[in-house]
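Student: I would like to take a close look at a single part of this structure and then see how it connects with its surroundings. Please treat it in one continuous account.

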Amino acid sequence: MTPRIGLTILPELRWREAEPRWRAAEDLGFDHLWTYDHLTWGGLPDSPWYGTVSTLTAAALVTRYVGIGTFVASPNFRHPAAFVRDVQALQDMSDGRLLLGLGTGGDLDSRVLGGPELSVRQRVDRFEEFARLLDRLLREDHVDHHGTYFACRDARTLPVAATRPTVVMAANGPRSQRLAVALGDAWVTTGTHGDDREAWWRSLAGLSARMDDLDPPEGFRRYVHVDPTCGFSLSSADHFEDVVGRVAALGFTDAITHWPRPDGPYAGDPAVLEEVAARLLTPRGGSGGR
């Protein structure tokens, strides 16, 4: 099966510059579009950076068909009882196209609000509590919770959305992969061993095999970020086709790349993006918003 292809557009540009990219990405035929959810991203710590929820709200209103997602929302600076309102609004504004990517979050964001430093295990504990509470809030009204990291009292969640967003759980470890199967509709991984290309491919194979052992339900999708630190998948159209073929052979249903930047992370030529779209995607024509 040929994987669906997604595209991440970093929230680094003013909307007047970013909007044409979101429209063009849908028109080119990409299956899903994403943006990073950080206060500060380690890859561009000195870059301008805009809010994820605001960006996706605007994107929802200038697209019609493509899925739009958080890559990924985390408990580093979000509380489930507050975040659920943003999730509900995005699901409504996008007519049910929200892909709710959730993960433990990055190191820089974990320090910005001045909380205590957490071990890896504690961060996974916190993420599990965050994800389970958010899952409850998307299903129930009048929610009470008093946990280790989060608390809420009689949290109201009306109106309950007609459809829940698709929950895409980020996981690179055994415990998080089990949680992805338990709570998510899909799993996304960045792989590991990012400084060595073949080691990265071996990590993907191992992670996919572990997911096989967990026996996720039918329809459970497997997303992979195909731009590790050791290489950009859009270095050429031929290379991208090879990457897509290899991830498909490992059992992944979806591949996510990035809009090429002029320099730094994901530096590349937008003409390659257009060539990939011409080879692998079905154009939609002008979407023109809703």
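Student: Which elements are included in what covers the buried residues of α2?

Tutor: The model is a predicted one. The cover over the buried residues of α2 includes two helices, α1 (15-28) and α3 (80-93), and two strands, β2 (32-35) and β3 (67-70). Helix α2 spans residues 52-62, and 8 of its 11 residues are buried, so the helix is largely enclosed by the rest of the structure. The buried positions are Thr-52, Val-53, Thr-55, Leu-56, Ala-58, Ala-59, Ala-60 and Val-62.

One of the covering strands deserves separate attention. Thr-35 belongs to strand β2, and it counts as buried because its relative accessibility is 0%, where the limit for burial is under 20%. Setting aside neighbours within four places in sequence, Thr-35 contacts Thr-52, Thr-55 and Leu-56, among others. Those three residues are among the buried members of α2. The contacts of Thr-35 also include Thr-8, Ile-9, Leu-10 and Pro-11, together with Trp-22, Gly-69, Thr-70 and Phe-71. By contrast, Thr-35 and Ala-24 are 15 Å apart in space, C-alpha to C-alpha, at a separation of 11 residues in sequence.

Phe-71, a contact of Thr-35, leads to the aromatic residues. The structure holds 10 aromatic pairs. In one of them, Tyr-36 and Phe-71 meet edge-to-face, with 5.9 Å centre to centre and 75° between the planes. Tyr-36 lies in the loop between β2 and α2, and Phe-71 in the loop between β3 and α3, so this pair ties together parts that are 35 residues apart in sequence. Both partners are buried: Tyr-36 has a relative accessible area of 4%, and Phe-71 has one of 8%. The two residues also belong to one aromatic cluster, which further includes Trp-34, Trp-41, Trp-49, Tyr-223, Phe-232 and Tyr-266.

The backbone at Phe-71 has a feature of its own. A cis peptide bond joins Phe-71 to Val-72, with omega at about -10°. Val-72 is placed in the loop between β3 and α3. Val-72 is also one of the residues that Leu-102 touches, as are Ala-73, Phe-83, Phe-127, Phe-130 and Leu-134, with residues up to four places away in sequence not counted. The list for Leu-102 is completed by Val-167, Val-168, Met-169 and Ala-170.

Leu-102 opens the view onto the nonpolar interior. The largest nonpolar core has 80 residues, and those touching the most other members are Trp-22, Phe-83, Leu-102 and Met-169. Helix α5 (residues 120-139) gives the most to this core, with 7 residues. Trp-22 is, in addition, a contact of Thr-35.

Phe-130, another contact of Leu-102, takes part in a second aromatic pair. Phe-130 and Phe-150 are tilted, at 6.0 Å centre to centre and 50° between the planes. Phe-130 lies in helix α5 and Phe-150 in the loop between β5 (143-146) and β6 (151-155), so the pair ties together parts that are 20 residues apart in sequence. Phe-130 counts as buried at 0% relative accessibility, and Phe-150 does so at 7%.

The pockets can be set beside this interior. The largest pocket has a volume of about 1300 Å³. Of its 41 lining residues, the closest to the centre are Trp-41, Gly-105, Gly-106, Asn-172 and Thr-190. Two or more lining residues come from each of α4 (107-112), α5 and β8 (186-189). By class, the lining comprises 15 nonpolar, 21 polar and 5 charged residues. Trp-41 is also a member of the aromatic cluster that contains Tyr-36 and Phe-71.

The second largest pocket holds about 230 Å³ of space. It is lined by 13 residues, of which Pro-75, Asn-76, Leu-113, Gly-115 and Arg-126 are the closest to its centre. This lining divides into 7 nonpolar, 3 polar and 3 charged residues.

Two backbone details complete the account. Asp-154, in strand β6, has a positive phi of about 50° although it is not a glycine, and at 39% relative accessibility Asp-154 is partly exposed. Asp-215 lies in the loop between α7 (197-214) and β9 (221-225). Its phi is likewise positive, near 55°, and at 61% relative accessibility Asp-215 counts as exposed.

Note on methods
Residues numbered from 1 in each chain as written. Predicted model: local features only at pLDDT ≥ 70, side-chain atom pairs only at ≥ 80, totals over all residues. Heavy atoms only, no water. Core = buried A, V, L, I, M, F, W, Y, C linked by side-chain atoms within 4.5 Å. Buried < 20%, exposed > 50% of the residue type's maximum accessible area, 1.4 Å probe, protein only. Helix = DSSP H or I, 4+ residues; strand = E, 2+ residues; numbered from the N terminus. Contact = heavy atoms within 4.5 Å. 1 Å grid on protein atoms, 1.4 Å probe; cavity = no way out; pocket = protein on both sides within 12 Å on 5 of 7 lines; lining within 4 Å. Points joined across faces, edges and corners; volume = space filled by probe spheres on them. Nonpolar A, V, L, I, M, F, W, Y, C, P; charged D, E, K, R; others polar. Phe/Tyr/Trp six-rings, centres within 6.5 Å; stacked < 30°, edge-to-face > 60°.
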